[in-house]
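Reader: I would like a close look at one part of this model. Please take the main sheet and what packs on it, then work outward from there.

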Amino acid sequence: MRISRTVDVDAQRGSGRWLDTFTNTTREELTVEVAFGGQTGYGATGTTASRVAVTSSGDTTTTADDTWAATTSGTAEDATTTTGGPSATVVGDFDRTGNWLRETFTQPMGTEGHAANFPAYVNTLTLAPGQSASLLHFVVVGEPVTAQSADTELAEVSEVAADLADAPDLEGLTRQQICSIVNFEHLSPADAGVEPDHCRGKGATRVQQPEAPEEPAAVTTSAYDVVDKTIAELQTDMETGRTTSVEITQAYLDRIAAYDEGQFAFNAFTTVADDALWQAAAAGLRRANGERGALLGVPIAVKDLYDTRDMPTTNGSSTFEGFQPAEDAYQVAQLREAGAVIIGKASMEEYATSGSYSDSAYGSVWNAFDPSRSALASSGGSAVATATSMAAAGLGSQTGDSLYAPATAASLVTLRGTDGMQSDRGVMPLVWLQDYAGTMTRSVSDPADILNVTSGTDPENPETAEADEHRPADWRSTLDDAALQGKRIGILPEVWQDPYGTTTTIEASRAALEHLRVAGAEVAAWRGYRAQYQANIDAWMDQHGLDAVVYPGLLSEISLDDGGGNRSSFGRRDTPSGGSGVPTVAFPAGTDANGAPISLQLMGRAWDDAELVAMAYAFEQVADGHVAPDTAPALAPAGTTQP
């Protein structure tokens, strides 16, 4: 099956045209189901939640008898506040509705709650060998509205949708494309200047489509399998002579070529180091000369706002395309000194401005577990590169959620440490006083190895002046199976609520609290929470006799990666650490009922970083919460065929 899409935008009318063409390239008849849809809002209530407001048949229920449907979001009560305007989808003829968020081809469109924000329209196509069929859709977008202008704008959008349903705009389409359209039965080719006898029967033509780009070979030239290996496992295998840094690096590079390039790429990298194998060989030489180290020869991806002297640092923006700093960021320099291989620059949200998507001038990063969904927040590239085993670990940064959110979505561990525990010198900030530059890994022992190298006092960064005083001499020495024994963990019931009204994520996260108890902790259900701006967190925790406070990683399941703009991709509740500078560790806690990763977060007092890492390690020993995605399987050896 060959699939191609043309998109045309009519800015004056406020509409876009999608023509999706499907050609059967086999010698057998094929039947396929095709869905067209998207995200029109988020949440169950309020100004962000969307609902079908009117359809072509005049009601608010979308059925196969409708040719278009318009949706609106809630509006603010005052007369001056604007909210997102209405939109309409012109679908022509379709077989049934679907749920764009989940199980699109088996679940109907939601009509209430968060699910109502994800309309989809399903067509079934049966194609003979060599036959093409095209589906034509239009999306009409209205202007932002106030409560007073909402009805008028909805009427205008509906009028445009009705006009397009009755007389679709076919300007610029070829005769073959027009003849292949199957979801507008009333459409006469003559309407577009194509005589009926030129079509050889409605939908029976073959459309000339662009050649599909050649997909990268899903093979590897390395004899070593890096899939889901921890840093400790990589290091052990190099120490015992089972593999080398060059073999490990080659394996990651082959996986980058297979899974991060081409039409279905994860887009986890903006730049791949062209000297990665040279770096690996240099690490191997250091090892041969007797040097040892936990990171020696280990490939690590770096978010594209960390300065690197040998690769561009774009901050996700074409404004900085080609900009190459004169020196490394402090943490990058420390990693190099320890012998790590800086394998590439990880993709990120432009200027790290979004907490919902990693979408930049260089493409959108796709979720490691479900590539149609968001990778979450600005450090998505670092998380996805690590989760899909295109690097052993990734450096990211967080203003509000850009470490814990993408780490949760990728089933990884991350530490947003106490302000000053790790230097952010050479890291482009979004909010200078609030940003934290940290790491994401697949096990709790891995950040210990990285923190041994990257944490501590940076003589050129006054913010880190106290770090050496508070950091352990060896972070690995804090990893203790019994670290949760006798600990009192506070839980704030009011923050364990999904604002979208769904349940699977919170239910699974609550169930994971049992692992804290199994590891010896007492989880206290108490209330009376006061924000960090109203009381000092130390005194607040002392008052309740707490060693840490537990938060869920995410509050809801992750939305699809087509929201953008003001379309939030998940329910979030940031811990107070961003605004106060206290540490939070996030760690995998298994999956929800739908197989999506979940995590827990523990927040402590300032400079409790090591204690939190130890608690996460103790949890990991009883919960084994990390899971690996199945979207990027092990590659076949070169010369063989990938199954």
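Author: **The open sheet and its surroundings**

The sheet is open and holds 11 strands. Their order is 11-13-12-16-18-17-22-23-21-19-20, and the pairing is mixed. Two strands stand at the edges: strand 11 (269-272) and strand 20 (522-525). Each has a single partner strand, so one side of each is left without a neighbour in the sheet. From one strand to the next, the twist averages 30 degrees. All of this is read from a predicted model.

Take one pairing inside the sheet. Strand 21 (residues 548-552) pairs with strand 23 (residues 597-603). The sense is antiparallel, and the pairing runs over 4 bridges. In this pairing, Val-549 stands opposite Met-603 of strand 23. In general, strands of a sheet pair through backbone hydrogen bonds, either parallel or antiparallel.

Now the helices that pack on the sheet. Helix 6 (residues 330-337) touches strand 12 (299-303), strand 13 (341-346), strand 16 (393-398) and strand 18 (436-441). The direction of helix 6 makes about 150 degrees with that of strand 13. Helix 11 (residues 504-518) packs on the sheet too. Helix 11 touches strand 19 (488-491), strand 20, strand 21, strand 22 (584-591) and strand 23. The direction of helix 11 makes about 55 degrees with that of strand 23.

Stay with helix 6 for a moment. Asp-310 forms a salt bridge with Arg-336, and their closest N and O atoms are 2.8 Å apart. Arg-336 sits in helix 6, while Asp-310 sits in the loop between strand 12 and helix 6. The two are 26 residues apart, so far as the chain is counted, and the pair links distant parts of it. Asp-310 has a relative accessible area of 21% and is partly exposed. Arg-336 comes out at 12%, so it counts as buried, the limit being under 20%.

Helix 11 has a helix partner as well. Its axis comes within 9 Å of the axis of helix 14 (residues 609-623), and the two cross at roughly 105 degrees. That makes helix 11 roughly perpendicular to helix 14. On the helix 11 side, the contact is made by Ala-512, His-515, Leu-516 and Val-518. Helix 14 brings Phe-619, Val-622 and Ala-623. By class, the contact has 6 nonpolar residues, 1 polar residue and no charged residues.

Just past helix 14 comes a backbone detail. Asp-624 lies in the loop between helix 14 and strand 24 (636-637). Phi of Asp-624 is near 45 degrees, a positive value in a residue other than glycine. Asp-624 counts as exposed, at 61% relative accessibility. Ala-377 also has a positive phi, near 60 degrees, and is a residue other than glycine. Ala-377 belongs to the loop between strand 15 (363-364) and helix 7 (380-387). At 0% relative accessibility, Ala-377 counts as buried.

Next, strands outside that strand order. Strand 8 (residues 119-127) is largely enclosed by the rest of the structure, because 7 of its 9 residues are buried. Strand 3 (residues 30-37) runs antiparallel to strand 8, and 8 bridges join them. One of the bridge partners in strand 8 is Leu-125, which is matched with Val-32. Strand 7 (residues 96-99) also pairs with strand 8, in the antiparallel sense, over 4 bridges. There, Asn-99 has Pro-119 of strand 8 as its bridge partner.

A salt bridge ties strand 7 to strand 3. Arg-96 meets Glu-33, with the closest N and O atoms 2.7 Å apart. Arg-96 is in strand 7 and Glu-33 in strand 3, 63 residues apart, so the pair links distant parts of the chain. Both ends are partly exposed: Arg-96 has a relative accessible area of 29%, and Glu-33 stands at 38%.

The count of salt bridges comes to 28. Among them is the pair of Arg-572 and Asp-574, at 2.4 Å from N to O. Arg-572 is partly exposed, with a relative accessible area of 35%. Asp-574 is partly exposed too, at 25%. Salt bridges that share partners also join Arg-102, Asp-370, Arg-373 and Glu-557 into one network.

Methods
Residues are numbered from 1 along each chain as its sequence is written. This is a predicted model: local features need pLDDT of at least 70, side-chain atom pairs count only at pLDDT 80 or more; totals for chains, interfaces and linings use all residues. Side-chain values use heavy atoms; hydrogens and water are left out. Buried means under 20% relative accessible area, exposed over 50%, partly exposed in between (1.4 Å probe, protein chains only). Two strands pair if DSSP finds at least two bridges between them. Axes are lines fitted to C-alpha atoms, for helices over the stretch in contact, and angles run from 0 to 180 degrees between N-to-C directions. Contact means heavy atoms within 4.5 Å. A salt bridge is a side-chain nitrogen of Lys or Arg within 4 Å of a carboxyl oxygen of Asp or Glu. Angles under 35 degrees count as roughly parallel, over 145 as roughly antiparallel, 65 to 115 as roughly perpendicular and the rest as oblique. Ala, Val, Leu, Ile, Met, Phe, Trp, Tyr, Cys and Pro count as nonpolar, Asp, Glu, Lys and Arg as charged, and the others, Gly among them, as polar.
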